[in-house]
Amino acid sequence: MNVYHFKKGTEICNYSYSSNILSIRLNRQRLIVCLEESIYIHNIKDMKLLKTILDTPPNTTGLCALSINHANSYLAYPGSATSGEIALYDGNTLKTACTIAAHDGPLAALTFNSTGSKLASASEKGTVIRVFSIPGGQKLYEFRRGMKRYVNISSLVFSMDSQFLCASSNTETVHIFKLEHLTDSRPEEPPTWSGYMGKMFQAATNYLPAQVSGMMNQDRAFATVRLNISGQRNICALSTIQKLPRLLVTTSDGHLYIYNLDPQDGGECVLIQKHSLLGSGKMEENKENDLQPPLPQSYAATVARQSTVPSTSTMPGYSEDGGALRGEVIPEHEFATGPVCLDDENEFPPIILCRGGQPGKAKRS
């Protein structure tokens with residue numbers, strides 16, 4: 001694992017591990033390195049090894065989640081290879097918080113909300129998504145993504161305000177769920193046949209087996225997106241652009257899709273823009289587009305331009321010896337020593353935005 005200083009263009013430290021690194025997570029307090037049967041927890045300011053969680057259940061995909069809120073540096077990872085048990089670990093106190101029996105089958109996706117107060121999970125079946133309170137582990141919400149077929153959940157993400165949860169898979173449908181509990185204080189609906197049958201089904205859940213009644217009480221998607229592709233891995237994000245909620249979907253074939261999201265009525269989301277990230281940078285948009293003008297060239301072309309950052313040989317930087325020596329395997333229960341020190345407020349690089357071809361700095365959120 002190489003840790004680089006993005007702003008200075010220098011290497012901070014270099015670590016080697018006993019087996020392949022499957023995933024890395026970090027916030028302003030902790031850096032997590034996940035191997036198949038162990039997890040390493042580093043202090044982000046000096047890169048010292050604080051804790052090694054040994055003999056974790058086989059985790060061939062490196063599935064784990066770390067809260068981005070460094071005040072609640074909770075770590076979640078599979079607690080079993082055969083069931084959907086979640087092990088919750090406190091990265092600040094370096095103690096186990098709790099164990100959550102989330103699903104019957106093995107886990108496929110885990111994600112925290114922005115404050116680290118909620119954790120969402122999905123199993124390999126991909127039909128049910130559950131949300132739990134943190135650190136207690138109580139179930140708060142249960143959403144049904146589908147019933148007819150099992151899917152591979154490729155992306156599970158909260159909106160920054162924790163009002164929505166988005167799930168995408170290897171199918172063409174992206175589901176957005178709204179985190180709210182419906183109450184019985186809603187105005188009385190006019191008597192209709194469908195309303196009457198709905199009340200009958202609701203009353204019948206009290207007499208049905210727990211599995212059946214639980215399925216009938218699961219909330220369905222608040223909003224959906226129909227992609228024009230299927231079978232490809234994709235990553236989603238819920239963002240606010242010009243004070244309006246948007247869904248961003250990036251697919252493995254190099255395209256970025258931007259959809260609107262009606263926060264009141266939900267329903268089918270409308271495609272606003274389509275960007276090519278790997279090709280010519282051409283963009284398609286509808287007539288109602290109200291987003292910023294497109295970038296003059298593709299992202300690939302932008303990052304390929306020669307950097308204005310001086311070479312590392314002429315810049316002061318951190319010594320590689322600040323962590324473990326190159327190629328050295330970290331001892332299982334020892335701290336790394338050295339002068340590595342990251343100033344939490346000043347050393348993190350700013351976000352660079354390019355508008356109209358001119359780079360500008362924006363405040364870090």
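Let me start with strand β5, residues 38-43, which pairs with β6 in the antiparallel sense over five bridges, and please keep in mind throughout that what we are looking at is a predicted model. Within this pairing, Tyr 40 stands opposite Thr 52 in β6. The two strands form a hairpin with five residues between them, and in that hairpin Met 47 takes a positive phi near 65°.

If we now step back from the hairpin, we find that β5 and β6 belong to an open sheet of four strands, in the order β3-β4-β5-β6, with antiparallel pairing. Which strands stand at the edges? They are β3, residues 23-26, and β6, residues 49-54, and each of them has a single partner strand, so one side of each is left without a neighbour in the sheet. From one strand to the next, the twist averages 15°. At the β3 end, β3 pairs with strand β4, residues 30-34, in the antiparallel sense over four bridges, and there Arg 25 stands opposite Ile 32 in β4. As a general reminder for anyone new to sheets, the strands pair through backbone hydrogen bonds, and they can do so either parallel or antiparallel.

Let me turn to the charged side chains. How many salt bridges does the structure hold? There are two, and one of them joins Glu 142 to Arg 130, with the closest N and O atoms 2.5 Å apart. Glu 142 lies in strand β14, residues 139-144, while Arg 130 lies in strand β13, residues 128-133, so this pair ties together parts that are 12 residues apart in sequence. There is also a salt bridge between Lys 139 and Glu 142, where the closest N and O atoms are 3.2 Å apart. Is Glu 142 buried or exposed? Its relative accessibility is 14%, and because anything under 20% is counted as buried, Glu 142 is placed in that class; Arg 130 is buried as well. Through shared partners, the salt bridges join Arg 130, Lys 139 and Glu 142 into one network.

Next comes the nonpolar interior, where the largest nonpolar core has 18 residues, and the members touching the most others are Cys 166, Ile 176, Leu 247 and Tyr 259. Several strands give two or more residues to this core, among them β16 (164-169), β17 (173-178) and β20 (244-251). To take Ile 176 as an example, and leaving aside its neighbours within four places in sequence, its contacts include Phe 164, Cys 166, Leu 238, Leu 247 and Cys 269.

Another residue that I would like you to find is Phe 158, which is in strand β15, residues 153-158. Phe 158 is buried, with a relative accessible area of 6%. Beyond its neighbours within four places in sequence, Phe 158 is in contact with residues including Phe 112, Lys 118, Val 131, Phe 164 and Leu 238. Of these, Lys 118 is 40 residues away from Phe 158 in sequence, yet their C-alpha atoms are 9.4 Å apart in space.

Finally, a word on confidence: the mean pLDDT of the protein chain is 76, and 65% of its residues reach 70 or more. Over residues 182-190 the pLDDT stays under 50, and for this stretch the model has one contact beyond four places in sequence. Residues 210-217 also have a pLDDT below 50, although that stretch has 10 contacts in the model beyond near neighbours in sequence.

Methods
Residues numbered from 1 in each chain as written. Predicted model: local features only at pLDDT ≥ 70, side-chain atom pairs only at ≥ 80, totals over all residues. Heavy atoms only, no water. Salt bridge = Lys/Arg side-chain N within 4 Å of Asp/Glu carboxyl O. Buried < 20%, exposed > 50% of the residue type's maximum accessible area, 1.4 Å probe, protein only. Pairing = 2+ DSSP bridges. Axes fitted to C-alpha atoms, helices over the stretch in contact; angles between N-to-C directions. Core = buried A, V, L, I, M, F, W, Y, C linked by side-chain atoms within 4.5 Å. Contact = heavy atoms within 4.5 Å. pLDDT = per-residue confidence, 0-100.
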